[in-house]
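This report introduces the structure shown below. It considers selected charged pairs and then the interface between two chains.

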Amino acid sequence: MRSEPILRLEGVSKVFGEFTALDQIDLDIHEGEFLTIVGPSGSGKTTLIRILVGIEELSKGKIWLRDARIEKLPANLRPTCMVFQSLALFPHKSVGENIEFPLKLRRQNPLDRKARADELLDLLHLPQSFYDKRIHECSGGERQRVALARALAFDPEILFFDEPLSALDFRLRKNLEKELKDLHQRTGKTFVYITHSLEEAMVMSDRIAIMRSGRFEQIAVADEIYARPVSRFVAEFMGEVNLFSVEGTASGTLVGTEVDIRVASADLGSGMNLAVGVSATLMVRPEAVQFLSGDDDADFMVEGLLKAEYALGSRTQYKVEADNGDELAVEKLREDRFSGQVGDRVRLGWNVEHAHLIRPG
Amino acid sequence: MERQDQRIGLLSAAPIGMVLFISFLAPMLVIAIFSIMPQKVFSLLNLPDFSSYKLIFTQGYIKSLLWSFGMAMASTLILFVVCWPLAFGMAKVFKGFGLFITIAVVVTLFVSENIRLFGWVLTLMKGGLIEGHLRAWTGLTFEGALYNVPVIVFGLVYAYFPFMLFPLVQGIATVPDDARQAAADLGASRWQIFYEVDLPLSAPGIVIGSLLSFVLAAGAMAESKLLGGQTVIVIADEIETAFTYGQNWPLGSALSIILILIIGSLSIFGINRVNLDLIMGGRRS
């Protein structure tokens, strides 16, 4: 990843009547990176991407592509391209004609066009025989590839994706996610992808931007977002997670304000420092929580009742009810399954290196 | 089960199907047979000959056919150009205002075509609404705008406006917005979007609208009579004359058959080229 931003957004806002879809967005997108914008529906991510390709106009703000301001440029004059959620393939054109469409607009000669289309079919693992197929003869996954090939034929500076995989079944989606990542590496282009699935984002992206109500909540590499979310919202968006309300104490450690957490040592390191009386959220992932036996110890400990056990394939998930009624999730690999029975009283523990303190913003 | 449903459906449709079949085809059949009867007979029980067809090709009736089709073609083209922007607005831009236009256009159909054309005669004639006002205010005068070919074409455009407009609206409404946006995103200018996306994807509407207005205009008579005076004689006029003043039913029948053949083959050709389901039922193949 080079440091020079290829696209820079400054104070980009979009207002629909009373509703603020985008609220003063700043963002740098770096040349060659795979950036994924993740957010629940209604968070403004689709509006943002439509503004970036020029289909939608912004209400306020500036967009630079390298050194040129582009926010006033209509979509057809921007060197960017988007793969639509609906794919928006042209139903009256064949696969080949769809792929060649941007080249035809540039009046490239038919032989060069055909050659480029064949190359792209190859790149996307579609047989050459697809060239003459009609769009309605293609399956969902094949259409996906055709849409991608068409966008690549345009040879955009930045390729945008508006949740193109959301309509596909699980297995096909998983395959295409990996293929997309490979494609990103092979083409070296800048990809900006939006999705509501963080899991999808984790597989593909260099950086992830989490969006909420028209603003970015956190922009960071996938690991950082996974391990150190800046807010409850981001932490919960990451899937199953255990969150506890805690407060700083005079002795320099933490105390649980809802679930009764026992803290073993007084010195948890600088990451867990909290001023007296200040509340924060302590986060631990289900897979980092251990079942403690005998006189085992851990930095943080909670007691509770084993309520349920679910087989998730390669892993097993346990629900443990703490004494105040809150539920905790614990996950173990199948081969490390816990030997206890549902209804047993259990002790859970985790160490400070697996914990993360979400401080109040 | 499904087969039984199908049988019941066919059986219950049979009576009205028969009625329609007979009431449409029987008159056609009579006309077809009359067209090969000798001149000026009023019975189908004569030895057939093709004298009427011969007459058509020797007595200048071809000229009337050409005028009819020529003016129909011109009015259809003009209608397409005039209606497209409005239809596009109604399908994609206006929202509520589109309904207002729809009602406004439909309301004009409440008044008989002949009366509306007379309105235009009063407007365009010498001493009429336009020339009269011009003379009263400025003293300038002109010969009125009636009795020429352009005014007939204008009349056809005016009379068949709704028949082009509404199918076009339907056709354009079926063009997906994201296909237009994707085309723009891939670098297409407005003109290229029109040519590459709008036009082919709204083809069913264009074909239906063009066929309707062309067929109606080719068989129209009131415009050429009222607005055009006797400048040109259109084919429908010739047919009427043959049946009435001419008292020559076989000639009228032969002219009708030629008109029907040409229009029929054009319609079949046009309809075969587009997927009508898109417009009529919204089903996609």
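## Salt bridges and the interface of chains A and B

In this predicted model, Lys174(A) and Glu177(A) are both buried. Their side chains meet in a salt bridge, at 3.3 Å from N to O. The two residues stand three apart in helix H5 (residues 170-187) of chain A and are thus separated by about one helical turn.

Over all chains, the search of the whole structure finds 33 salt bridges. Asp23(A), in strand S2 of chain A, pairs with Arg215(A), in strand S10 of chain A, so this salt bridge ties together parts that are 192 residues apart in sequence. Asp23(A) is partly exposed, at 27% relative accessibility, and Arg215(A) is partly exposed at 44%.

In chain B, Lys225(B) forms a salt bridge with Glu240(B). Lys225(B) belongs to helix H11 and Glu240(B) to helix H12, so the pair links parts that are 15 residues apart in sequence.

Selected salt bridges are listed here with their N to O distances.

| Residues | Distance |
|---|---|
| Asp23(A) and Arg215(A) | 3.1 Å |
| Lys174(A) and Glu177(A) | 3.3 Å |
| Lys225(B) and Glu240(B) | 3.0 Å |
| Lys104(A) and Glu196(B) | 2.9 Å |

The interface is formed by 24 residues of chain A in contact with 17 residues of chain B. About 1700 Å² is buried between the two chains, and carbon and sulfur atoms give 61% of this area. Asn76(A), His92(A) and Leu105(A) supply 30% of the area that chain A buries against chain B, more than any other three residues. Two salt bridges cross the interface, one of them between Lys104(A) and Glu196(B).

Key
Residues numbered from 1 in each chain as written. Chains lettered and ligands numbered in written order. Predicted model: local features only at pLDDT ≥ 70, side-chain atom pairs only at ≥ 80, totals over all residues. Heavy atoms only, no water. Contact = heavy atoms within 4.5 Å. Buried area = accessible area lost by both parts, 1.4 Å probe. Salt bridge = Lys/Arg side-chain N within 4 Å of Asp/Glu carboxyl O. Helix = DSSP H or I, 4+ residues; strand = E, 2+ residues; numbered from the N terminus. Buried < 20%, exposed > 50% of the residue type's maximum accessible area, 1.4 Å probe, protein only.
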